[in-house]
Amino acid sequence: MQDEEQFKRALAGKKVPILVLDQKWHRLFAVHGKPDEIKQTEADLNALLARQGKLNEDLKQYKKLKTKLMGSIVANMDGTTIEEQNGEREKKLDADKQLIDETNQKLEEVEDELLEIPNRIKETNLNLMLQSMDYFYDKLRINKAESDEIAEWINQVRVDLKKNIIKKQNRDINNREIYAYLHDIFGPSMLDLFDIRYEEKNEETENDEQEKKEQEKKEES
């Protein structure tokens with residue numbers, strides 16, 4: 001098979017489907033199963049996809065929390081909460097601001113990882129594709145070699161069959177000639193004495209007998 005880097009260069013700019021999400025890719029391994037190397041890369045890709053899904057959900061939740069905290073800060077700054085009457089407004093504002101700072105940090109971390117993870121998914125998926133191609137390249141090569149070997153055997157059997165058919169026909173012709181000459185020379189009684197018989201049913205006779213049997217079956221039914 002060609003060098004892996006050659007394939008990567010050839011695939012540059014081309015969209016490769018996410019293999020673990022494609023049922024046809026899984027069905028490729030229905031007969032022999034997946035080798036360990038492909039199983040591992042498949043697991044890595046599934047883990048990255050799961051991580052991406054979790055990050056998207058975390059992003060949504062952090063944004064929702066930030067909006068809620070911002071609303072709480074605005075409400076406290078307007079002096080519209082019960083905490084202001086109890087002298088707790090400043091403490092509540094400080095706590096909300098700290099939570100917003102922490103949420104902003106989490107948001108930044110999630111957004112940074114979300115920017116990075118598609119490249120990791122793409123690279124892992126590409127490796128999975130190359131491993132699959134390498135595996136099935138060998139399968140195709142082995143199957144082709146075995147198919148050629150079987151085809152050669154079939155051809156040889158056909159040749160041998162033709163030769164044996166000719167041999168059989170020659171033996172049958174020779175037997176007919178021998179029997180005919182013996183019959184003419186020594187007569188049927190002498191042949192019976194030596195238990196020499198020659199029986200031959202030609203194709204037409206066999207067909208006639210078969211038709212007769214089928215007709216008898218129809219009449220009986």
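Modeller: Helices here are DSSP runs of H or I with at least four residues, numbered from the N terminus, while strands are runs of E with at least two. With that in hand, the chain of this predicted model reads α-α-α-α-α-α along the sequence.

Colleague: Thanks! How many helices and strands stand behind that pattern?

Modeller: The count is 6 helices and 0 strands.

Colleague: Let's turn to charged pairs. What makes Lys144 and Asp148 a salt bridge?

Modeller: Their N to O distance is 2.8 Å. The cut-off is 4 Å between a side-chain nitrogen of Lys or Arg and a carboxyl oxygen of Asp or Glu, so a Lys and an Asp at that distance qualify.

Colleague: Where do Lys144 and Asp148 sit?

Modeller: Both belong to helix 5, which covers residues 89–193, and they are 4 residues apart, about one turn of the helix.

Colleague: And why is Lys144 called partly exposed?

Modeller: Partly exposed lies between the 20% and 50% limits of relative accessible area. Lys144 has 49%, so it falls in that class. Asp148, with 38%, is therefore partly exposed as well.

Colleague: How do you know that Lys60 and Glu57 form a salt bridge?

Modeller: Their closest N and O atoms are 3.8 Å apart; the limit is 4 Å, so the pair counts. Lys60 and Glu57 lie 3 residues apart in helix 3 (residues 36–77), which means about one helical turn separates them. As for Glu57, a relative accessibility of 36% makes this residue partly exposed.

Colleague: Which residue pairs with Glu42?

Modeller: That would be Lys34, with the closest N and O atoms 3.0 Å apart. Glu42 and Lys34 are both buried, and buried means under 20% relative accessible area.

Colleague: How many salt bridges does the structure hold?

Modeller: There are 7, if you take the whole structure.

Colleague: Now the surface. What makes the patch of Glu108, Glu109, Glu111, Asp112 and Glu116 negative?

Modeller: Asp and Glu count as negative, so a patch built from Glu108, Glu109, Glu111, Asp112 and Glu116 earns that name. Take Glu116, found in helix 5: patch residues need over 30% relative accessible area, and Glu116 has 44%, so it passes and counts as partly exposed.

Colleague: Finally, what share of the chain counts as buried?

Modeller: Of its 221 residues, 18% do. The chain exposes about 17500 Å², with carbon and sulfur atoms supplying 51% of that area. Among contacts between residues at least 6 apart in sequence, 72% join residues at least 24 apart.

Note on methods. Residues are numbered from 1 along each chain as its sequence is written. This is a predicted model: local features need pLDDT of at least 70, side-chain atom pairs count only at pLDDT 80 or more; totals for chains, interfaces and linings use all residues. Side-chain values use heavy atoms; hydrogens and water are left out. Buried means under 20% relative accessible area, exposed over 50%, partly exposed in between (1.4 Å probe, protein chains only). Contact means heavy atoms within 4.5 Å. Accessible areas come from the Shrake-Rupley method with a 1.4 Å probe; for residues, only the protein chains shown count as cover. Patches are made of residues with over 30% relative accessible area and no salt bridge: like charges are joined within 9 Å, nonpolar side chains (Val, Leu, Ile, Met, Phe, Trp, Tyr) within 5 Å. The place of a charge is taken as NZ of Lys, CZ of Arg, CG of Asp or CD of Glu.
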